[in-house]
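Colleague: Could you take me through one part of this model at close range? I'd like to hear about the small sheet and whatever surrounds it.

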There are 2 protein chains.
Amino acid sequence: MAVEVLHSGVLEAIGAEITGGVLPAGAVLTLEQIQQRFGVSRTVARETMRSLEQLGLLTSRRRVGLVVRPSSDWMVFDPRVIRWRLAGPGRLGQLRSLTELRAAVEPVAAAAAARHASPDEVDALLAVSARMRELGEAGRLEEFLAADVEFHALLLRAGRNEMFAALTGVVAEVLAGRTRHGLMPSRPRAEALDAHDAVAAAVRSRDPEAAERAMTVITTEIRAALGDLH
Amino acid sequence: MAVEVLHSGVLEAIGAEITGGVLPAGAVLTLEQIQQRFGVSRTVARETMRSLEQLGLLTSRRRVGLVVRPSSDWMVFDPRVIRWRLAGPGRLGQLRSLTELRAAVEPVAAAAAARHASPDEVDALLAVSARMRELGEAGRLEEFLAADVEFHALLLRAGRNEMFAALTGVVAEVLAGRTRHGLMPSRPRAEALDAHDAVAAAVRSRDPEAAERAMTVITTEIRAALGDLH
DNA sequence: TCTGCCACAAAGATGCGACCTTTGAAACCC
DNA sequence: GGGTTTCAAAGGTCGCATCTTTGTGGCAGA
């Protein structure tokens with residue numbers, strides 16, 4: 001990340017504008033405009049355009065320009081798109097739909113983890129859930145968030161399914177988003193800590209059903225917390 | 001697809017080689033090689049490289065070249081990556097992981113559809129499930145597949161959750177993949193047809209739990225069919 | 001001989017400007 | 001008025017020049 005190339009800056013700017021609704025579907029850009037606005041060469045403008053095209057944010061048409069596509073065409077699983085949307089208006093809706101996805105996948109992933117996790121992964125899960133309890137009870141929210149992310153990442157990877165593992169980034173964004181938007185109690189609830197312990201314990205005892213149930217407790221609580229914001 | 005630009009051809013070729021394992025993780029390409037091998041300009045080689053980079057298939061490092069990344073870094077939700085992998089070796093593993101994802105998401109999506117589907121969508125679901133029965137009993141597999149894809153696409157969209165809707169392409173690929181690989185009986189099983197009807201009926205009567213149960217019947221059957229191939 | 005610093009070169013990153021190709025749309029003809 | 005032709009706008013491709021980063025090998029000192 002350190003040495004981000006030129007192209008990225010332009011991408012970030014336009015990507016945020018499109019996902020944030022500043023540039024609505026149907027709006028038209030041209031390479032020329034991009035070059036002038038950002039003071040970059042055609043090469044860079046073109047590469048940026050290609051990136052945006054791959055994200056489904058726009059399509060390029062000869063003689064017309066770069067046309068912004070409707071949100072239904074966006075690649076909403078892409079981490080960048082998720083980040084932009086969580087940073088813009090409509091972030092609550094985004095958080096809600098992501099949370100529903102989590103609620104669907106994570107229980108099943110927990111069951112898979114109970115079947116396939118390696119001994120090392122089991123140990124790591126237990127260790128992280130213990131750490132979550134310490135940090136949570138000490139009110140160290142920053143570190144608690146990091147541990148929470150690690151817990152879910154471990155679990156998703158332990159299921160030995162690359163599609164689940166690929167959702168690690170999504171879950172991390174959701175967790176971070178919750179914290180950023182004050183949807184977390186100042187001290188994690190004891191039920192949440194217990195549920196994480198229960199998931200880890202179920203994985204250790206190779207009990208898929210128990211793991212699934214315990215994870216469902218977690219996702220249900222999260223959905224409830226989001227629901228309160230209606 | 002008609003007017004494919006140059007850049008796409010190169011992308012397809014290299015993308016397929018990487019995802020197919022011809023170019024293993026750690027392999028190194030250079031822009032120069034790409035230019036010569038495909039007879040394209042540096043611009044095209046660069047744009048291709050950017051595309052592959054966004055898909056997580058490789059990273060570019062100065063003084064080194066374009067390094068192929070391990071499969072754990074690939075954006076496995078991207079439709080192109082899915083298509084390439086289903087076309088190459090390891091397609092069965094890919095089909096299996098995608099099916100697990102479906103099994104996790106679709107029941108929840110069915111429940112969401114029961115809550116949020118519009119009257120038009122309900123009608124469409126009922127119509128398509130009826131059509132599936134006709135086509136299935138007539139043994140017209142091609143058309144049956146198309147109707148099947150439409151059914152699941154409708155359902156995913158009706159849940160009013162963009163993340164679910166974004167999985168339409170994944171489901172379509174899985175269904176098509178099953179048919180292509182002879183995992184479908186020559187005549188769809190009556191239980192499957194009944195289950196689709198049951199999902200549609202549950203959505204009509206706004207019964208999320210019933211919709212979820214009925215969809216679980218479908219996904220369970222599919223997983224069983226895949227399991228037989230061990 | 002081993003260690004560390006430095007210069008060189010390889011390969012990507014960026015920039016430019018010319019020319020090609022497609023295509024929307026206006027001008028024109030029947 | 002409708003179909004056809006012409007034109008120009010905007011992306012697509014190209015090749016080359018220059019800049020920047022960084023791996024590597026060589027040289028010098030301990």
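Modeller: Here is the sheet in chain B, then its counterpart in chain A, and after that the interface between the two chains. Bear in mind throughout that this is a predicted model.

Let's begin with chain B. Three strands make up an open sheet there, in the order β1-β3-β2, and the pairing is antiparallel. The edges belong to β1 and β2 of chain B, each with a single partner strand, so one side of each is left without a neighbour in the sheet.

Now for the pairings themselves. Strand β1 of chain B covers residues 28-29 and is joined by two bridges to strand β3 of chain B, residues 65-68, with the two running antiparallel. Within that pairing, B:Leu29 sits opposite B:Leu66 of β3(B). On the other flank, strand β2 of chain B (residues 58-61) pairs with β3(B) over four bridges, again in the antiparallel sense. If you want a place to put your finger, B:Leu58 faces B:Val68 in β3(B). As a general reminder, side chains in a regular strand alternate between the two faces of the sheet.

The link between β2(B) and β3(B) deserves a look too. These strands form a hairpin with three residues between them, and B:Arg63 in the turn has a positive phi of about 70°. Then there is the helix packed against this unit: α3 of chain B, residues 42-54, lies across β2 and β3 of chain B and runs at about 125° to β2(B).

Turn to chain A and you can follow the sheet there in the same way. Three strands form an open sheet in the order β1-β3-β2 of chain A, with antiparallel pairing. β1 (28-29) and β2 of chain A are the edge strands, and each has a single partner strand, so one side of each is left without a neighbour in the sheet. Two bridges hold β1(A) and β3(A) together in the antiparallel sense, and A:Leu29 has A:Leu66 in β3(A) as its bridge partner. Between strand β2 (residues 58-61) and strand β3 (residues 65-68) of chain A, which run antiparallel, there are four bridges. One of the facing pairs is A:Arg61 with A:Gly65 in β3(A). The hairpin of β2(A) and β3(A) has three residues between the strands, and A:Arg63 takes a positive phi near 70° in it. Helix α3 of chain A (residues 42-54) lies across β2 and β3 of chain A, at about 125° to β2(A).

To place that sheet in its chain, step back a little. Chain A has eleven helices and three strands, and from the N terminus on its elements run α-β-α-α-β-β-α-α-α-α-α-α-α-α. The domain assignment splits chain A into domain 1 (6-73) and domain 2 (90-227). The C-alpha centres of those two domains of chain A are 36 Å apart, and the C-alpha atoms of chain A fill a box of roughly 65 × 35 × 30 Å along the principal axes.

Further along chain A, there's a contact worth opening up: the side chains of A:Arg160 and A:Glu121 meet in a salt bridge, 3.0 Å from N to O. That pair links distant parts of the chain, 39 residues apart, with A:Arg160 in the loop between α7 (141-158) and α8 (162-165) of chain A and A:Glu121 in helix α6 (residues 119-137) of chain A.

That leaves the interface. Here 32 residues of chain B are in contact with 32 residues of chain A. The two chains bury about 2,900 Å² between them, 57% of it on carbon and sulfur atoms. Six salt bridges are counted between chain B and chain A, against a count of 34 over all chains. Among the polar features, 14 residue pairs are in polar contact across the interface, both residues at pLDDT 80 or more. Several helices of chain B, namely α1 (6-19), α3, α4 (79-87), α5 (91-116) and α8 (162-165), each supply at least two residues of the side that touches chain A. Of the elements on that side, α5(B) gives the most, with nine residues.

And that brings us back to where we started. Helix α3 of chain B, which lies across β2 and β3 of chain B, is also among the helices that supply residues to the side touching chain A. For one specific contact, look at B:Glu47 and A:Arg50, whose side chains meet in a salt bridge at 2.9 Å, N to O.

Note on methods: Residues numbered from 1 in each chain as written. Chains lettered and ligands numbered in written order. Heavy atoms only, no water. Pairing = 2+ DSSP bridges. Contact = heavy atoms within 4.5 Å. Axes fitted to C-alpha atoms, helices over the stretch in contact; angles between N-to-C directions. Domains from an automatic or database assignment. Buried area = accessible area lost by both parts, 1.4 Å probe. Salt bridge = Lys/Arg side-chain N within 4 Å of Asp/Glu carboxyl O. Polar contact = N/O pair within 3.5 Å; in protein donor to acceptor, adjacent residues only side chain to side chain.
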